[in-house]
Amino acid sequence: MPEISWTDELLTGNAFIDEDHRKLTSMVNAFLDALSKGQGNDVLAKVLNNLMIYTRSHFDREEAEMQRINYPGTLAHKAEHTRLLNEVHALKAKMEAGEKVSATAVFTFLNTWLRHHILEVDMKLAAAMRQGAIG
Ligand SMILES: [Fe+2]
């Protein structure tokens, strides 16, 4: 069963971001687990909904920090958040339309997005937060 593994290389060094990412990873894994077990649409919708609510609140927390420190990379960072939310919305619409969703395809997309976003994008934000206000 595909699962996103949490490793120390994903730690940004910022306590709230890392805690959010850990929780996010476990929620993504709960969704992948439900998908690969072939759970019914009602169960999947509930798990995905929780994941979407948490993801939005996590993005809001990061974006509030960007504003607080006047972060120069805000636009590009927010664009990645929007892209993820759009993809997940499309996935939700697919599921609601009764289309079959492949757990492996969802895993590949989310795993790739998460690893790239944390390692390339959130790391830079965490570094800027350590330095305080810049830009
Ligand atoms: Fe982010």
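These questions and answers cover helix packing and nonpolar cores in a predicted model. Local features need pLDDT of at least 70, side-chain atom pairs count only at pLDDT 80 or more, and totals for chains, interfaces and linings use all residues. Residues are numbered from 1 along each chain as its sequence is written.

User: How far apart are the end C-alpha atoms of helix 3?
Analyst: Helices are DSSP runs of H or I, at least four residues, numbered from the N terminus. Helix 3 has 23 residues, 74-96. The expected span is 1.5 Å times one less than the number of residues, so 33 Å is expected for helix 3, and the end C-alpha atoms agree, at 33 Å.

User: Which helix gives the most to the largest nonpolar core?
Analyst: A nonpolar core joins buried Ala, Val, Leu, Ile, Met, Phe, Trp, Tyr and Cys residues through C-beta atoms within 7 Å; buried means 20 or more other C-beta atoms within 10 Å of the residue's own, with C-beta atoms placed from the backbone. The largest core has eight residues, including Val28, Phe31, Val106 and Leu110. Helix 1 (15-36) and helix 4 (103-131) each give two or more. The most, four residues, comes from helix 1.

User: Are helix 1 and helix 4 roughly parallel or roughly antiparallel?
Analyst: Axes are lines fitted to C-alpha atoms over the stretch in contact, and angles run from 0 to 180 degrees between N-to-C directions. Here the angle is about 175 degrees, with the axes 11 Å apart. Angles over 145 degrees count as roughly antiparallel. Helix 1 and helix 4 are therefore roughly antiparallel.

Methods: Buried ≥ 20, exposed ≤ 12 C-beta atoms within 10 Å, placed from the backbone. Parallel < 35°, antiparallel > 145°, perpendicular 65-115°, else oblique.
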